[in-house]
Amino acid sequence: MAEHTAGTAGARLSSQVDSLIRAAQRGDQDAFEQLVRVYDQSVLRQAMNLLRSPEEARDVYQEVFLKVFRNLHTFRFDCSFHTWLYRIVTNVCLDHLRKRIVRKEEPAVVETGEGRVDRTESFEEGSAHADPERKLWNRQLQERIEEGLQDLTPRERMVFEMRHYDGMRLRNIGEILGTTEDAAKNCLFRATQKMRSALGDFV
Amino acid sequence: MTCDLALKAIPLYFYGELTPSEEERVEQHMHECETCSRELERQRALGPALDRRRIEPSAGLLEECRADLMAAIQGGAGAEAPSANPWRLFLAALEHSFRGWARFRQPLGAVALLALGFFAARVTPIAPFVAPARVGPADQVFSTVRSVQPDNAGGVQIALDETHRRVISGRMDDQKIQRLLLTAAREDNPAVRVESVDLLKSQPASSEVRDALLNALAHDSNAGVRLKAVEGLKPLGSEPEVRKVLAQVLLSDDNAAVRMQVVDLLVEHRDDAIVGVLQNLMQKEDNSYVRLKSEKVLKEMNASIGTF
């Protein structure tokens, strides 16, 4: 029953999105804005988590939706809009990740919904009350995770992000990345192997 | 299943990406192999550790992104900010790409106001007031289907929202057009507000327009709208009421571009009150342009930089 309700809600959202796309393709700017609002929070969240920088996340947001704006007329409903949009999102994010590799930089402090957070402190659960040993352990675990993520190729990082954090299916991820489900599986396997080896005895 | 295959399947098993029969084979192997079973436990422990790294962008960042995007599409506020940072240059360069949307902007002081849904409803009761303005030959209707329900009699019930669009044209000096713009300056859609405030600023002599500009500057959530409002208030920079709002905004607005515009306007006309405002500002301002400007004015007025 719940599945049926979710299915109905999904179909309704999809039909609303289709109406918005058609109206936006006819030049309705308000419809375009509504369409952006359906997806923009998850796009910004993904950019923020991949790049750990509000400035870069903001750039990704603008690049993505300006590309959507300019190319929406080419969308022909031959795949889901989500897949079409995330092709743009992954391309823009991959570009930023590749530039990041060249620059070798990762900001230490990030702006979040809860204010500014130091990456190296974000793991300290209830930091005021945690005992020093636990704090040290958490800090080291955090550092290892960051190192592990640095070891991933931009493509592995994207697949890992979309599967682990966004809960997308590998079949869909393959479609978004223009590759096969098997290639996405291999990517995920390599990413988790690297992460587990970076974490060593921590997990 | 060999250990090699099982190890390769662990991440896919963890993420629920195996077929039921593959899952069963992995589980069977885990039951029999302690080494692989430990590996699966490690995979399971990795999940929560990674989850705690997740961050949520602030609501403010999301709003800023939305405002920037709509301003870019409108080709308005973003490009006219005083600083030429790379993003603004990028927007300026993009402006040429949005010729197709430029029809939303009306040159030569005429305006075509696109009013959607509830806005149209707001206009309808004052139809006699709108009557002299030219109304488009045909109303456009956009429908959004909310639900589709088959009924027992073999028919179907479709619930849909209809949005009617009307186009009203007139000149900027037309009082009726101004009234519509004043309403539009309070619309939910920030792009409509940017455009309305931009058009209203050509008529600052009207006290209603001045109040709308002050209200937009002090209270609008969109930085693009606030920037347009400061521009509109430029001819009124010596009026005490305007200066009061400018001083408040300078001390409270979180957008540096707005503060840069405001400080420029405020210091064009110098009075004693400005000293206290700038001294307070120096206590907390982190934008170097605003700091330098304030410091310079305080020095020129022989006032100390800080408060004691």
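This report describes a predicted model of two chains, A and B, beginning with its confidence and moving on to the contact between the chains, the nonpolar cores and a few single residues.

## Basis and confidence

Residues are numbered from 1 along each chain as its sequence is written, and chains are lettered from A and ligands numbered from 1 in the order in which they are written. Because the model is predicted, local features need pLDDT of at least 70 and side-chain atom pairs count only at pLDDT 80 or more, while totals for chains, interfaces and linings use all residues.

The model scores ipTM 0.81 and pTM 0.51. Chain A has a mean pLDDT (the predictor's confidence in each residue, from 0 to 100) of 82, with 79% of its residues at 70 or more, and chain B averages 76, with 76% of the residues scoring at least 70. In chain A, pLDDT stays under 50 over residues 118-128, for which the model has 26 contacts beyond four places in sequence; two residues are in contact if their C-beta atoms, placed from the backbone, lie within 7 Å. In chain B, pLDDT stays under 50 over residues 76-139, a stretch with 94 contacts beyond four places in sequence. Among the elements of chain B, helix H7 (residues 127-130) has the lowest mean pLDDT, 36, and helix H2 (residues 20-32) the highest, 93.

## Make-up of chain B

Chain B has 15 helices and four strands, where helices (H or I, at least four residues) and strands (E, at least two) are DSSP runs numbered from the N terminus. Of its 308 residues, 32% are buried; a residue is buried if 20 or more other C-beta atoms lie within 10 Å of its own, exposed if 12 or fewer, and partly exposed in between, with C-beta atoms placed from the backbone. Among the contacts in chain B with a separation of 6 or more, 61% join residues 24 or more positions apart.

## Where the chains meet

In the model, 46 residues of chain A are in contact with 41 residues of chain B. The elements of chain A that give two or more residues to its side of this contact are helices H1 (2-25), H2 (29-51), H3 (54-71), H5 (132-151), H6 (154-165) and H8 (181-199), together with strand E1 (109-112). The largest share, 10 residues, comes from H2(A). This side of chain A divides into 22 nonpolar, 12 polar and 12 charged residues, where Ala, Val, Leu, Ile, Met, Phe, Trp, Tyr, Cys and Pro count as nonpolar, Asp, Glu, Lys and Arg as charged, and the others, Gly among them, as polar.

One pair of helices can be followed across the chains. H8(A) and helix H3 (residues 34-51) of chain B pack at an angle of about 90°, with their axes 11 Å apart; axes are lines fitted to C-alpha atoms, for helices over the stretch in contact, and angles run from 0 to 180 degrees between N-to-C directions. H8(A) is therefore roughly perpendicular to H3(B), a label for angles of 65 to 115 degrees, whereas those under 35 count as roughly parallel, those over 145 as roughly antiparallel and the rest as oblique. Thr192(A), Met195(A), Arg196(A) and Leu199(A) in H8(A) meet Arg42(B), Gln43(B) and Leu46(B) in H3(B), and the residues of this contact divide into three nonpolar, two polar and two charged.

## Nonpolar cores

The largest nonpolar core has 94 residues, and those with the most contacts inside it are Leu44(A), Ala47(A), Tyr61(A), Val159(A), Leu213(B) and Val262(B). Such a core is a set of buried Ala, Val, Leu, Ile, Met, Phe, Trp, Tyr and Cys residues joined through C-beta atoms within 7 Å. H2(A) gives the most to this core, with 10 residues. Leaving aside neighbours within four places in sequence, Tyr61(A) is in contact with Asp40(A), Val43(A), Leu44(A) and Ala47(A), and also with Cys65(B). Apart from the largest core lies another, of eight residues, among them Ile10(B), Val26(B), Met30(B) and Leu40(B).

## Single residues

Most residues other than glycine have a negative phi. Arg52(A), in the loop between H2 and H3 of chain A, has a positive phi of about 55° and is buried, because 22 other C-beta atoms lie within 10 Å. Asn302(B), in the segment after helix H15 (288-300) of chain B, also has a positive phi, near 55°, but is exposed, with 7 other C-beta atoms within 10 Å.

His96(A), in helix H4 of chain A, is partly exposed, with 19 other C-beta atoms within 10 Å. Beyond four places in sequence, His96(A) is in contact with Leu51(A), Glu56(A) and Val60(A).
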